[in-house]
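Hi everyone, thanks for making time. I'd like to walk you through one model today, so have a look at the screen.

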Amino acid sequence: MGHPNRRDLGLLVLRLGTGAVLAAHGTQKLLGWFGGGGIEGTAKGMEAMGFHPPRESAIAAGLGEAGGGVLLALGLATPAAGAAAAGAMAGAVAVHAPAGFFAQGGGYEYPAFLGFTAAAIGITGAGRYSLDHATGHVLDRPWVVVTAFLGTAVAAAAVVGRRAQARAAAHRDALAEEQSA
């Protein structure tokens, strides 16, 4: 019996840890677990943060985090899982960006780290100790990596861009109202 491959063991530990954190974060949004707001509370938060439509945004963020996290932990459809989680974290980075980088000031450090980690796992692959390996990498082909990350990048850019436009329009409206008062 050969020695375990340290790279594959490292990927397993990284997948399990990152996947669990993402899954827990997503179930806060979807199910209200761990003190989260569930769909309704998350939808209200999404609306306040400028994401429209808010309910669909809450569901998409929750599924990207929880679904992507579970799939990363299992090492199943790893490119799509990594891309979905990274896309969800791109939205979170956009929300936290005005507060700067560091999390202690409300910045985007934490969601950026989760997003980059999920993306790295999605690009690298799950390793030997995964369902992708057990299924012959059916859902972990080079074309899946490209398709998943391109699709997620386009979707994340559209969502973040639409939010930025809506926030800019609201800011202009507020300034115009101030000036007319």
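The accessible surface of the chain comes to about 10,000 Å², and 68% of that belongs to carbon and sulfur atoms. Areas here come from the Shrake-Rupley method with a 1.4 Å probe, and for residues only the protein chains shown count as cover.

A quick word on where the numbers come from. This is a predicted model, where local features need pLDDT of at least 70, side-chain atom pairs count only at pLDDT 80 or more, and totals for chains, interfaces and linings use all residues. Residues are numbered from 1 along each chain as its sequence is written, and side-chain values use heavy atoms, with hydrogens and water left out.

Now the overall picture. The chain has 7 helices and 0 strands, with helices taken as DSSP runs of H or I of at least four residues, strands as E runs of at least two, and both numbered from the N terminus. Along the principal axes, the C-alpha atoms fill a box of roughly 80 × 35 × 30 Å. Of the 181 residues in the chain, 36% are buried; buried means under 20% relative accessible area, exposed means over 50%, and partly exposed is in between, with the 1.4 Å probe and protein chains only. Among the contacts in the chain with a separation of 6 or more, 66% are between residues 24 or more positions apart, where contact means heavy atoms within 4.5 Å.

Let's zoom in on helix 1, residues 6-31. Leu-22 is in this helix, and what does Leu-22 touch beyond its neighbours within four places in sequence? Its contacts are Glu-65, Ala-66, Gly-69, Leu-72, Ala-85, Met-89, Leu-114 and Ala-118. Take Gly-69: it is 47 residues from Leu-22 in sequence, but the C-alpha atoms are 4.7 Å apart. Leu-22 counts as buried because its relative accessible area is 0%.

Helix 1 also holds Leu-31, and Leu-31 joins Trp-33 and Phe-34 in a nonpolar surface patch of about 380 Å². For those who like the recipe, patches use residues with over 30% relative accessible area and no salt bridge, joining like charges within 9 Å and nonpolar side chains (Val, Leu, Ile, Met, Phe, Trp, Tyr) within 5 Å. A salt bridge, in turn, is a side-chain nitrogen of Lys or Arg within 4 Å of a carboxyl oxygen of Asp or Glu.

Phe-34 deserves a second look. This residue is in the loop between helix 1 and helix 2, and it has a positive phi of about 55 degrees although it is not a glycine. Ala-77 also has a positive phi of about 55 degrees without being a glycine, and its place is the loop between helix 3 and helix 4 (78-96). Are these two buried or exposed? Phe-34 counts as exposed, at 59% relative accessibility, while Ala-77 is buried at 11%.

One more backbone detail: His-52 and Pro-53 are joined by a cis peptide bond, with omega about -5 degrees. Pro-53 sits in the loop between helix 2 (38-48) and helix 3 (54-74).

Finally, over to helix 7, residues 142-180, where we find Val-145. Val-145 is buried, with a relative accessible area of 19%. Leaving aside neighbours within four places in sequence, Val-145 contacts Pro-79, Gly-122 and Asp-140.

That's my tour, and I'm happy to take questions.
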